[in-house]
Amino acid sequence: MARLPRLVLPGCGHLVVQRGHDGRSVFADDEDRSVFLAALREAAAAQRVAIHAYALPDTEVQILATPPAEDALGRMMQSLGRRYVAAYRQRHGGRGTLWDGRYRCAPVEPGDWLLAALRLVDAAAPCSSAAHRTGGRDPLVTDPPELWQLGNTPFEREAAYRRLLEAGVPPAQAAALRQATLGGWAVGGPAFLARLGEQTARPLRPRPRGRPARPVPGVRSPG
């Protein structure tokens with residue numbers, strides 16, 4: 001079965017996951033993470049990709065980003081991957097790639113879904129962009145419009161976002177975001193998916209498993 005092309009929509013937020021090969025660690029320590037973030041900053045700037053959130057747990061990378069063009073996200077991830085692997089191998093030795101195949105991504109509906117994706121990434125690891133929205137400032141991070149709608153002042157926005165982080169993402173919504181990202185599908189409500197369906201012929205959701213049911217003689221299909 002042919003592999004579907006990656007679904008990337010310019011101007012839309014994308015939840016991105018890049019996993020370590022065979023579930024192995026891709027960060028030995030905080031120095032590795034600093035090297036990765038420096039490489040991400042340069043690669044994002046070169047492609048004009050807005051980075052809204054990141055998290056660096058031991059065995060994978062999570063990023064929420066908006067690309068300005070269809071190929072910008074891929075170019076950023078390719079440059080980032082090459083640069084970081086070279087630095088990691090120079091420091092730790094070894095051969096081959098660190099990554100488990102291609103990065104995965106999902107376009108995310110603006111509004112509540114993107115805000116949920118933001119919180120999901122910020123809460124994914126101790127090393128994340130959460131501090132940028134809870135009292136600190138990270139020059140790598142660009143806040144999406146959804147954050148600015150949480151309050152009229154920085155203090156109001158910080159307090160509101162902190163409450164959202166503490167409440168967590170509803171389990172069903174978190175699972176939908178994760179599954180869509182790993183599967184390469186779009187995530188959002190029916191209206192959002194319907195609009196995307198008018199823009200691309202690529203499937204936006206996995207097809208139902210199994211063969212379609214055979215029509216029963218003498219019985220008309222509904223509609």
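**Exercise 1.** Which residues in helix 1 meet which residues in helix 2? Then work out how the two helices are oriented.

*Solution.* The model is predicted.

Step 1: take the helix 1 side. Glu-31, Asp-32, Val-35, Phe-36, Ala-39, Leu-40, Glu-42, Ala-43, Ala-44 and Gln-47 make the contact.

Step 2: take the helix 2 side. Their partners are Ala-72, Arg-75, Met-76, Ser-79, Leu-80, Arg-83, Tyr-84, Ala-87, Tyr-88, Arg-91 and His-92.

Step 3: sort this contact by class. It has 12 nonpolar, three polar and six charged residues.

Step 4: turn to the axes. Helix 1 spans residues 30–47 and helix 2 residues 72–92; their axes come within 9 Å and cross at roughly 150 degrees. Angles over 145 degrees count as roughly antiparallel, so helix 1 is roughly antiparallel to helix 2. The crossing is right-handed.

**Exercise 2.** Find how helix 3 is oriented to helix 7, and list the residues of their contact.

*Solution.* Step 1: the axes of helix 3 and helix 7 (residues 171–183) come within 10 Å and cross at roughly 85 degrees.

Step 2: the range for roughly perpendicular is 65 to 115 degrees. Helix 3 is therefore roughly perpendicular to helix 7.

Step 3: helix 3 contributes Asp-112, Trp-113, Ala-116, Ala-117 and Leu-120, and helix 7 contributes Gln-173, Ala-174, Ala-176 and Leu-177. Seven of these residues are nonpolar, one is polar and one is charged.

**Exercise 3.** Is Ser-128 buried or exposed? Describe its surroundings.

*Solution.* Step 1: locate Ser-128. The loop between helix 3 (112–122) and helix 4 (130–133) holds this residue.

Step 2: its relative accessible area is 12%. Buried means under 20%, so Ser-128 is buried.

Step 3: list its contacts. Beyond neighbours within four places in sequence, Ser-128 touches Tyr-54, Ala-55, Val-121 and Asp-122. A polar atom of the Ser-128 side chain also lies 3.2 Å from the backbone nitrogen of Ala-130.

Key: Residues numbered from 1 in each chain as written. Predicted model: local features only at pLDDT ≥ 70, side-chain atom pairs only at ≥ 80, totals over all residues. Heavy atoms only, no water. Helix = DSSP H or I, 4+ residues; strand = E, 2+ residues; numbered from the N terminus. Buried < 20%, exposed > 50% of the residue type's maximum accessible area, 1.4 Å probe, protein only. Polar contact = N/O pair within 3.5 Å; in protein donor to acceptor, adjacent residues only side chain to side chain. Contact = heavy atoms within 4.5 Å. Axes fitted to C-alpha atoms, helices over the stretch in contact; angles between N-to-C directions. Parallel < 35°, antiparallel > 145°, perpendicular 65-115°, else oblique. Left-handed = near helix turned anticlockwise from the far one by under 90°. Nonpolar A, V, L, I, M, F, W, Y, C, P; charged D, E, K, R; others polar.
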